[in-house]
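Visitor: Before we start, please show me the model. I would like each label justified by its definition.

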Amino acid sequence: MSMMVGVGDLVLAAPAILLALLLTLVLSHFLPLLLNPKAPRGSFGWPLVGETLRFLTPHASNTLGSFLEDHCSRYGRVFKSHLFCTPTVVSCDQELNHFILQNEERLFQCSYPRPIHGILGKSSMLVVLGEDHKRLRNLALALVTSTKLKPSYLGDIERIALHIVGSWHGKGGNITFCEEARKFAFSVIVKQVLGLSPEEPVTAMILEDFLTFMKGLISFPLRIPGTPYAKAVQARERISSTVKGIIEERRKADCCKRDDFLNVLLSTDELSDEEKVSFVLDSLLGGYETTSLMISMVVYFLGQSAQDLDLVKREHQGIRSTKAKEECLSSEDYKKMEYTQHVINEALRCGNIVKFVHRKALKDVRYKEYLIPSGWKVLPVFSAVHLNPSLHGNAQQFQPCRWEGPSQGTSKKFTPFGGGTRLCPGSELAKVEAAFFLHHLVLNFRWKIDGDDIPMAYPYVEFPRGLPIEIEPICSES
């Protein structure tokens with residue numbers, strides 16, 4: 001009898017319990033609005049989900065998307081929202097974005113969602129903080145500086161570019177360009193980081209796991225066996241195991257030094273083995289996805305601008321005319337690729353590979369008329385600055401000539417690789433690779449976009465169809 005009474009009481013109490021939970025959810029969602037009346041204007045959306053789904057609605061990456069357009073017109077270029085389950089200040093203002101990036105670890109701190117930590121690992125440069133990040137980034141900068149214009153590195157890039165471009169002659173005039181760009185970028189970064197050539201079996205094994213890893217990185221973070229996220233976590237573990245195996249082999253064969261990042265990593269005592277493995281994974285991630293997407297963006301926009309393509313082609317013909325037929329490109333040749341750099345910068349501005357970054361306010365921050373409450377997420381939106389017509393005339397148009405003049409590519413209004421102490425250390429390597437690849441592409445092939453594929457922001461950026469293009473060999477090949 002007593003058990004039946006207990007169950008009955010629970011049934012009767014269930015509506016009250018549900019109501020209490022609902023009120024708690026609503027109160028916890030809207031309480032930050034009441035406690036921070038001086039925060040920027042904006043809206044919080046529905047409890048729990050907030051406005052996250054609208055914010056993440058896919059749109060062309062050379063547009064702001066309906067969410068930002070609507071909120072900027074209603075509340076101004078700085079507004080509050082509720083995104084990723086957290087009260088958030090969204091900045092589409094170049095001055096505030098610059099202020100946020102320049103005050104890393106003083107007023108703001110990197111704050112990516114927890115699932116990103118789970119898949120990248122706790123030692124990833126993307127998620128570590130403070131002195132740990134500084135130590136890893138200094139090492140990355142030292143590696144990039146010593147590598148950037150090294151003849152062996154430039155030679156590797158050119159050999160791989162020639163191999164990829166040369167393989168198109170038997171493909172019937174149609175290729176999926178994003179796949180080709182990824183092959184090129186992965187081959188370059190695996191060679192540079194691990195000293196592996198594309199033909200080695202371990203390279204194919206790493207690539208297979210890396211593709212699984214990439215799919216999970218941009219998937220819904222549900223760690224249930226069989227989901228892309230869970231498979232990605234497992235793929236990262238396999239890549240880590242493979243890299244650890246390569247490290248052990250290197251240590252045993254101490255007399256056989258290679259000219260790659262791993263050799264430098266093994267010579268330093270500043271990093272633990274776990275940090276070294278994570279550093280390798282970070283290098284692969286940055287060198288693979290960002291570089292290949294940048295090259296795809298350049299090919300996409302040049303495919304729509306015959307005038308700019310002609311200017312790029314003439315620049316590279318001029319460089320090639322000063323060299324013997326089989327002579328490799330040099331660091332001096334790279335410095336002559338001025339219009340090519342303008343094209344790369346404009347493709348980055350229009351394509352917006354990195355739309356925004358995640359930060360958190362460490363204390364109440366007052367900036368001009370804005371108050372950013374302590375603990376709130378802060379999202380500096382780079383694409384909103386890149387596409388602001390008051391900062392870039394005809395902002396929707398692809399116009400590489402806008403970058404002519406000193407320091408145009410280093411201003412507050414152009415942050416394709418972030419800024420401050422978290423500016424991507426490999427950005428210059430990516431530009432070198434893109435320029436060298438473009439050299440052999442424009443001298444050997446004509447192309448046009450096959451269909452209406454456009455870069456889409458999900459918010460990660462990709463071409464839905466992989467950027468199919470029709471190619472035609474140029475008869476008088478260099």
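Guide: What follows is a set of questions about labels and the values behind them.

Visitor: What kind of model is this, and how are residues numbered?

Guide: The model is predicted, so local features need pLDDT of at least 70 and side-chain atom pairs count only at pLDDT 80 or more, while totals for chains, interfaces and linings use all residues. Residues are numbered from 1 along each chain as its sequence is written, and side-chain values use heavy atoms, with hydrogens and water left out.

Visitor: How many helices and strands does the protein chain have, and what makes a run count as one?

Guide: The protein chain has 17 helices and 13 strands. Both are DSSP runs numbered from the N terminus: helices are H or I with at least four residues, strands are E with at least two.

Visitor: How do you know that the end-to-end distance of H8 agrees with a helix?

Guide: The expected span is 1.5 Å times one less than the number of residues. For the 18 residues of H8 (residues 177-194) that gives 26 Å, and the end C-alpha atoms are 25 Å apart, so the two agree. For the 14 residues of H15 (residues 338-351), the expected span is 20 Å and the end C-alpha atoms are 20 Å apart, which also agrees.

Visitor: What follows each of these helices, and what is its phi?

Guide: Gly195 follows H8, with a positive phi near 70°. Asn352 follows H15, with a positive phi near 50°.

Visitor: Why is H8 called largely enclosed?

Guide: Buried means under 20% relative accessible area, exposed over 50%, and partly exposed in between (1.4 Å probe, protein chains only). In H8, 14 of the 18 residues are buried, so the rest of the structure largely encloses this helix. H15 is mostly covered, with 13 of its 14 residues buried. Of the 478 residues of the protein chain, 52% count as buried.

Visitor: Why is Cys72 not counted in a disulfide?

Guide: A disulfide is a pair of cysteine sulfur atoms within 2.5 Å. The closest cysteine sulfur to that of Cys72 is in Cys92, 3.7 Å away, so the distance is too far for a bond. By this rule there are 0 disulfides. Cys72 has 14% relative accessibility and therefore counts as buried; Cys350, at 2%, counts as buried too.

Visitor: What makes S1 and S12 edge strands?

Guide: Two strands pair if DSSP finds at least two bridges between them. The open sheet of 3 strands has the order S1-S11-S12, with antiparallel pairing. S1 (59-60) and S12 (461-462) each have a single partner strand, so one side of each is left without a neighbour in the sheet. S1 and S11 (residues 456-457) pair over 2 bridges, and His59 stands opposite Ala457 in S11.

Visitor: Which strands pair with S9, and in what sense?

Guide: S3 (residues 86-91) runs parallel to S9, joined by 4 bridges, with Thr88 opposite Lys377. S6 (residues 359-361) pairs with S9 in the antiparallel sense over 2 bridges, and Arg359 has Val378 as its bridge partner.

Visitor: What qualifies a residue for a nonpolar core?

Guide: The residue must be a buried Ala, Val, Leu, Ile, Met, Phe, Trp, Tyr or Cys, joined to the set through side-chain atoms within 4.5 Å. The largest such core has 107 residues, and Phe177 is among those touching the most other members. Helix H12 (residues 273-302) gives the most to this core, with 16 residues.
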